[in-house]
Every structure is written in C-alpha cells, then in structure tokens.
Amino acid sequence: MDKRSPLGPVRPLHDRDGWLADLSVDQTDPFFFDHPLDHVPGMLLVCAMADLVVVGADIPAAGRVKAAMTFRAMAELSPELELCVGQIEDERRTVRIAQESTLVADGWVAFSSADKPVWPKRLAGSGHPPAQASLVHRMRPENVMIGDPVVADDQVTAAVVSPAEGHALSGRRPGVHRTEAVVEAGRQLSTWLPHRMGGWSLDTQMLWCGVTLDLPVGMPRSLPLTLRWQTAPIPADRAKFRFDVIAGGDGVGDKGSVVGSLIYASTVMRPEAYARLRANRSAG
C-alpha cells in the first residue's frame, strides 16, 4: 500500500480468494478534502480500492490495467466503509465497497502483462497553464491536475499535470505516472466540460455515477500525457464522456499516440434538490 493509504489492517476473506479492509476518513486531507464536503469523495474510494488491490494482486511492471467502478450510493463520512477485493471471475477480480448494509460501489479490475514498450521521448516546450480551479471543483492550486483545456477542430484537449512529490497522487513508484492521478485528471476534465461546454452553473452538484479505464502500466512521468474528447452535445441533467489518452503529444492537439481511454458518467443536481436529498438522508 501507499504510505499515505487510509486503509486499516488488511484481512483475508473467509473461505474465499480475496481480502478486505476498513477505510477511515480523514477530513483534514489536503487533496481528498480540498474543500469541505458532507460525504466521502469518489476519488478517495477509487484510490483506497486501488491501494487494497495492490496488496494481493500481481501487478506487472509493464502491461495494462483495465477497471470499472459504479457508484451506487453516496458514501457518508461515518461509519467506516468496508472495502473488499473478491474472487477472480473471467480474468477480472471483483471489488466492492459497503457501508453497514448499503452497497456504495462495486466493479472489477484486471491486469495483463506485456513487454516493456519503447515510449516516445518528451517533446521540447514549456508547461501548460493550469485549468481554472473552480471549474474542476478544486480550491488548492496544487490539486489541479489538468492544463487549461484547448477547444479546436471539434475536439477538446487538456494536458495531464503530474502532481508534485509528496502529493497524495504522486505515485508509489518514483518516475512513473500513477494510474489514479490520470483518472483524477480525467475526472477534472469531465467536470470542466459541463461548465464550459454544457452551460452547467458552478453551483450545480455533480454526482459521479461511474468510471471505466484502460491504461498502460508503468508510463514514465517524463512522458507527456494529453486527454482528448470529441465534442458532442452535453445534456442538461447528465453527462457521459469518453477520453482518449495520448502519449508523447504537445497537450494542445492530437499529436502523439493513443495509448488508453477513460470513460466517466455523472448526473447533475441543483443546490436546492441536493439540500433536500441530504436533509432526507439525515432524517432517515
């Protein structure tokens, strides 16, 4: 596990090929709780589950990781959540997050090995200015993980910004892109797009419904990554985005090689509707 992992002791499942752990929520964490929240953020669940998978999975030095997670319910700040990595079914290992009797999220993860690829060398050039923090629902500048997106030729591109050393998403392996950091970059772009391209106001609540990923393992941090979205209408009440992950590009176009993909789904809720939802939850 990462040294900053919020997981408690890992214990084996009874009579099953799997393991589980409890998740304690630290509301002082400067990344996961970049701003006050009344629930556990989805990225904390993604990162904690990734930490738990690492405990017993045979992760290749080079290859691919494919995974999907569906968020079934909002995770409350307490009591503790229980994370479970289950049996391998059809070459996929199941994952599950529960809070008492409520299923919060479930999904699967699979790894495949391959020969170490020859990555393109980093292109010369300066860094990209970061996206506006409020448009990706962040307050701290160090938590903005995408460059300011560029809209041109029926597509939107955004450079992936690697977190600084010591950041919660800086990575387990020095010099290597952490998968969760790339997922967070995509989540931020999927937040930016409805505001900038879909007309969603900044006070709307975006409820994350799910994420699917297909990414290489072991990409060097020196390798520039770009996310690309082909423009399409964005409905007023929901959004689904598929991003190409491009390696070796310039961050403002489609130069480079497509090496993976990210898919995000979310729904929107107006502040007054969200307040009623949370009030009903508290009353229940």
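Visitor: What does D38 count as at 33% relative accessibility?
Guide: This is a predicted model, in which local features need pLDDT of at least 70, side-chain atom pairs count only at pLDDT 80 or more, and totals for chains, interfaces and linings use all residues. Residues are numbered from 1 along each chain as its sequence is written, and side-chain values use heavy atoms, leaving out hydrogens and water. Buried means under 20% relative accessible area, exposed means over 50%, and partly exposed is in between (1.4 Å probe, protein chains only). With 33% relative accessibility, D38 counts as partly exposed.

Visitor: Which residue forms a salt bridge with D38?
Guide: A salt bridge is a side-chain nitrogen of Lys or Arg within 4 Å of a carboxyl oxygen of Asp or Glu. Here the closest N and O atoms are 3.1 Å apart, and the partner of D38 is R278.

Visitor: How many residues apart are R278 and D38?
Guide: Their salt bridge has its closest N and O atoms 3.1 Å apart. R278 is in helix α3 (residues 271-283), while D38 is in the loop between β2 (19-23) and α1 (42-56). Helices (H or I, at least four residues) and strands (E, at least two) are DSSP runs, numbered from the N terminus. This pair links distant parts of the chain, with a separation of 240 residues.

Visitor: Is R278 buried or exposed?
Guide: Its relative accessibility is 10%. R278 therefore counts as buried.

Visitor: How many salt bridges does a search of the whole structure find?
Guide: Side chains of opposite charge can pair when their charged atoms come close. One such bridge joins R72 to D106, with the closest N and O atoms 2.9 Å apart. A search of the whole structure gives a total of 15.

Visitor: Which strands does the salt bridge of E82 and R11 tie together?
Guide: The closest N and O atoms of E82 and R11 are 3.3 Å apart. The pair ties together parts 71 residues apart in sequence, because E82 and R11 lie in strand β4 (residues 81-89) and strand β1 (residues 11-12).

Visitor: Which residue is linked with R11 and E82 in a network of salt bridges?
Guide: E82 is partly exposed at 34%. R11 is partly exposed too, at 32%. The network links these two residues with D22.

Visitor: What is the direction of α1 relative to α2, roughly parallel or roughly antiparallel?
Guide: Axes are lines fitted to C-alpha atoms, for helices over the stretch in contact, and angles run from 0 to 180 degrees between N-to-C directions. Angles under 35 degrees count as roughly parallel, over 145 as roughly antiparallel, 65 to 115 as roughly perpendicular and the rest as oblique. The axes of α1 and α2 come within 11 Å and cross at roughly 160 degrees. That makes α1, relative to α2, roughly antiparallel.

Visitor: Which residues of α2 make the contact with α1?
Guide: Contact means heavy atoms within 4.5 Å. The axes of the two helices come within 11 Å. From α1 come M43, C47 and A50, and from α2 come E180, V183, E184 and R187.

Visitor: Where is Q188, and is Q188 buried or exposed?
Guide: Q188 sits in helix α2 (residues 179-196). Leaving aside neighbours within four places in sequence, Q188 is in contact with V136, R138, N143, V144, M145 and I146. Its relative accessibility is 0%, so Q188 counts as buried.

Visitor: Is S113 buried or exposed?
Guide: S113 is in strand β6. Not counting residues up to four places away in sequence, S113 touches P60, A62 and G63. With a relative accessible area of 63%, S113 is exposed.
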